[in-house]
Amino acid sequence: MISRRELLIGTGAALGMADAARASRRIPIGVCGSPEDFSKAVEYGFDYYEPSAAAISAMTDAQFNT
């Protein structure tokens, strides 16, 4: 039986240098929340922000367009 460690090492070797470099790229981190908390997400350095679907559907057209 192969261990997880052996599988991961073997997979990494099979990827090759270019694929391994591509696989190690930074993963964007985001957060979901209310539209009022968007500025906090910017302050804390998140890569993206997703307001909740319920909050978006409750917005007026004017709120949505700002």
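**View 1. Lys40 and its salt-bridge partner.** We start with Lys40, which is partly exposed, with a relative accessible area of 44%. Keep in mind that this is a predicted model. The side chain of Lys40 meets that of Asp37 in a salt bridge, with 3.7 Å from N to O. Asp37 is partly exposed too, at a relative accessible area of 29%. How many salt bridges does the count come to? Just one. As a bit of background, side chains of opposite charge can pair when their charged atoms come close.

**View 2. Two strands and the helix on the way.** Here we look at strand β1, residues 30-33, which pairs with β2 in the parallel sense. Four bridges make up this pairing. Look for Cys32: standing opposite this residue is Glu50 in β2. To get from β1 to β2, the chain passes through α2, and this β-α-β crossover is right-handed.

**View 3. An aromatic pair, Phe38 and Tyr49.** The count of aromatic pairs comes to one. Are the two rings stacked or edge-to-face? The ring planes of Phe38 and Tyr49 sit at 80 degrees, so the pair is edge-to-face. Their centres are 5.6 Å apart. This pair links distant parts of the chain, since Phe38 belongs to helix α2 and Tyr49 to strand β2, 11 residues apart. The two partners also fall into separate exposure classes: Phe38 counts as partly exposed at 45% relative accessibility, whereas Tyr49, at 16%, counts as buried.

**View 4. A nonpolar patch on the surface.** Which residues form this patch? They are Ile27, Ile29, Tyr44 and Phe46, and together they have about 460 Å² of accessible area. Let's pick out Tyr44, which lies in the loop between α2 (38-43) and β2 (48-51). With a relative accessible area of 60%, Tyr44 passes the 50% mark and is therefore exposed.

**View 5. Ile56 and Ser34.** Our last stop is Ile56, found in helix α3, which covers residues 53-58. Is Ile56 buried or partly exposed? Its relative accessible area is 34%, so Ile56 is partly exposed. Now find Ser34 as well: along the chain, Ile56 and Ser34 are 22 residues apart, while their C-alpha atoms are separated by 8.8 Å.

Note on methods. Residues are numbered from 1 along each chain as its sequence is written. This is a predicted model: local features need pLDDT of at least 70, side-chain atom pairs count only at pLDDT 80 or more; totals for chains, interfaces and linings use all residues. Side-chain values use heavy atoms; hydrogens and water are left out. Patches are made of residues with over 30% relative accessible area and no salt bridge: like charges are joined within 9 Å, nonpolar side chains (Val, Leu, Ile, Met, Phe, Trp, Tyr) within 5 Å. Accessible areas come from the Shrake-Rupley method with a 1.4 Å probe; for residues, only the protein chains shown count as cover. A salt bridge is a side-chain nitrogen of Lys or Arg within 4 Å of a carboxyl oxygen of Asp or Glu. Buried means under 20% relative accessible area, exposed over 50%, partly exposed in between (1.4 Å probe, protein chains only). Two strands pair if DSSP finds at least two bridges between them. A crossover is right-handed if, with the strands pointing away from the viewer, the path from the first strand over the helix to the second runs clockwise. Rings of Phe, Tyr and Trp (its six-membered ring) pair if their centres lie within 6.5 Å; planes under 30 degrees apart count as stacked, over 60 as edge-to-face and the rest as tilted.
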